[in-house]
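Here are my notes for a colleague who has not met this structure before. Please keep the 3D view open while reading.

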Amino acid sequence: MKNFADPTPTSTELQNAAKWFENLFGPGGSLPVTFMLGDASSAEILHLDSSETGSFDGGSELTLRWTSAHGLTLRCTARLYADYPVAEWTAHLVNEGESA
């Protein structure tokens, strides 16, 4: 049984966070942000363009970039922490098309 006075995460908690991160951001994962453009959903118009993996002091980092024929770019940077069962991500949506 977990001692709730001890804030140290268990190995199961760390594994669950890593599994959740992989399910969302790994191969076959879904977009972390959804929106509609007219009658089309973001999943219909955005296509994965690139991905980069790296690390930072405390964990691993993944940057994914989706683009559309309309000139929209969605860039998502996700971080998974090694010592605590936490994942965070930041999404940036930019209109690089001719219509603003």
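The points below go from the sheet to the helix and then to two single residues.

1. **Status of the model.** This is a predicted model. Please read every point with that in mind.

2. **The sheet.** Start here. 4 strands make an open sheet, in the order 3-4-5-6, with antiparallel pairing. Its edges are strand 3 (47-56) and strand 6, each of which pairs on one side only. From one strand to the next, the twist averages 15°.

3. **Strand 4 with strand 5.** These two strands pair in the antiparallel sense over 9 bridges. To check the register, find Gly 59, which stands opposite Tyr 81 in strand 5. The two strands form a hairpin, with 4 residues between them. Look at Gly 71 in that turn: its phi is positive, about 95°.

4. **Strand 5 with strand 6.** Strand 6 covers residues 87-95 and runs antiparallel to strand 5, with 9 bridges joining the two. The hairpin between them passes through 5 residues. Two pairs help to place the register. Arg 79 stands opposite Glu 88 in strand 6. Leu 80 has Ala 87 of strand 6 as its bridge partner.

5. **Cover over strand 5.** Is strand 5 mostly covered or mostly open? Strand 5 (residues 72-81) is mostly covered, as 7 of its 10 residues are buried. As a general point, side chains in a regular strand alternate between the two faces of the sheet.

6. **Helix 1 on the sheet.** Helix 1 spans residues 11-25 and packs on the sheet. The helix touches strand 4, strand 5 and strand 6. Its direction makes about 165° with that of strand 5.

7. **Length of helix 1.** Does the length come out as expected, or not? Helix 1 has 15 residues, and at 1.5 Å a residue they should span 21 Å. The end C-alpha atoms are 21 Å apart, so the two values agree.

8. **Two sides of helix 1.** Which residues of helix 1 are buried? They are Ala 17, Phe 21, Leu 24 and Phe 25. These residues cover an arc of only 80° around the axis, so they lie on the same side of helix 1. The general rule is that an α-helix has 3.6 residues a turn, so residues three or four places apart point the same way. The other side of helix 1 has Gln 15, Lys 19 and Asn 23, which are exposed. Strand 4, strand 5 and strand 6 are among what covers the buried residues of helix 1.

9. **Thr 63.** Now turn to a single residue in strand 4 (residues 59-67), Thr 63. Its side chain is joined to that of Thr 77 by a polar contact of 3.4 Å. Beyond its neighbours within four places in sequence, Thr 63 is in contact with Ser 50, Ser 51 and Glu 52, and also with Arg 75, Cys 76 and Thr 77.

10. **Leu 37.** The last residue to inspect is Leu 37, in strand 1 (residues 36-37). Is Leu 37 buried, exposed or partly exposed? Its relative accessible area is 35%, so Leu 37 counts as partly exposed; buried would mean under 20% and exposed over 50%. Leaving aside neighbours within four places in sequence, Leu 37 is in contact with Ile 45, His 70 and Leu 72. Leu 37 and His 70 are 33 residues apart along the chain, and their C-alpha atoms are separated by 9.8 Å.

Key. Residues numbered from 1 in each chain as written. Predicted model: local features only at pLDDT ≥ 70, side-chain atom pairs only at ≥ 80, totals over all residues. Heavy atoms only, no water. Buried < 20%, exposed > 50% of the residue type's maximum accessible area, 1.4 Å probe, protein only. Contact = heavy atoms within 4.5 Å. Polar contact = N/O pair within 3.5 Å; in protein donor to acceptor, adjacent residues only side chain to side chain. Pairing = 2+ DSSP bridges. Axes fitted to C-alpha atoms, helices over the stretch in contact; angles between N-to-C directions. Expected span 1.5 Å × (residues − 1). Arc of directions from axis to C-beta.
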